[in-house]
Amino acid sequence: MSERFQRDLPDFRAPDFIDVFQPLPGWLADRLLGPEEKVTYVRGPRLNPSWECYVTHPALTLLALAFGAVVVAAARLIGGEGPEPMAIAFLAAGLVVVVTVIVLGIANGYFTRLVVTTHRLVILQGYEICRSWNVDRLPPNLLRYGRHGERERWTIDLDAVKSMLGGSSNKFTDAKTIMSFGKQLDRITIRDKDHR
């Protein structure tokens, strides 16, 4: 009788293939991926907040400039053309722009990702593509020939990429490691180009 009850109970264990961590936000995937291109591997920051797209977008600087212009215009309307209110307004506007540029730089530095797709290897810093290598420009030690989808072709060897990154099993990597990986990959591709 106890066996029957044990078999009827649903299995509450999570399957192995479920990945709770969403490494590449949807807005970034839509911007990055071309037709028939799929993400195969991502390493990047631990946090993926919903507001990331706003603090990494270059248009944030334009918003700061517009806000600064409004502050200066308001100071001129309210305080007249006296030197003191205008100096304070220009100082406040400049401070807003400088703080915005600092926030943009820190956010883009933190949200650095290494993305491997079916066609290329990309380093993203926030909203922008920092570096990109197509499969045909990568060194042979990072490639493998195999079946991908319906046809056979060269793909990026994820084991080789992981070992170049340090072989850590988690999906979180700091920006410094990703950028040094990019520099190392640039040196390898230049050296391979010289030997051809």
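In this predicted model, Arg-46 lies over the face of Phe-172, at a distance of 4.2 Å from the ring centre. A second contact of this kind involves Arg-31, whose charged end sits over the ring of Tyr-127, 4.1 Å from the centre of that ring.

Tyr-127 also leads to the aromatic pairs, of which the count comes to two. In one of them, Trp-27 and Tyr-127 are stacked, with 6.0 Å from centre to centre and 15° between the planes. This pair links distant parts of the chain, since Trp-27 belongs to helix H2 (residues 26-32) while Tyr-127 is found in the loop between strand E3 (120-125) and strand E4 (128-134), 100 residues apart. Trp-27 itself counts as partly exposed, because its relative accessibility is 24%. The rings of Tyr-110 and Phe-111 have planes at 80° and centres 4.9 Å apart, so this pair is edge-to-face. Its two members differ in their cover: Tyr-110, at 35% relative accessibility, is partly exposed, whereas Phe-111, at 4%, is buried.

Turning to the surface, Leu-95, Val-99 and Val-103 make a nonpolar patch of about 250 Å². Leu-95 has its place in helix H5 (residues 83-110), and this residue counts as exposed because its relative accessibility is 55%.

The cysteines remain to be considered. A disulfide is a covalent bond between the sulfur atoms of two cysteines, and with sulfur atoms required to lie within 2.5 Å of each other, the count of disulfides comes to zero. Cys-53 is buried, at 17% relative accessibility, while Cys-130 is partly exposed, with a relative accessible area of 33%.

Notes
Residues numbered from 1 in each chain as written. Predicted model: local features only at pLDDT ≥ 70, side-chain atom pairs only at ≥ 80, totals over all residues. Heavy atoms only, no water. Patch = residues over 30% accessible without salt bridge, like charges linked within 9 Å, V, L, I, M, F, W, Y side chains within 5 Å. Areas by Shrake-Rupley, 256 points an atom, 1.4 Å probe, with all protein chains shown as cover. Salt bridge = Lys/Arg side-chain N within 4 Å of Asp/Glu carboxyl O. Helix = DSSP H or I, 4+ residues; strand = E, 2+ residues; numbered from the N terminus. Buried < 20%, exposed > 50% of the residue type's maximum accessible area, 1.4 Å probe, protein only. Phe/Tyr/Trp six-rings, centres within 6.5 Å; stacked < 30°, edge-to-face > 60°. Lys NZ or Arg CZ within 6 Å of the ring centre and 35° of its normal.
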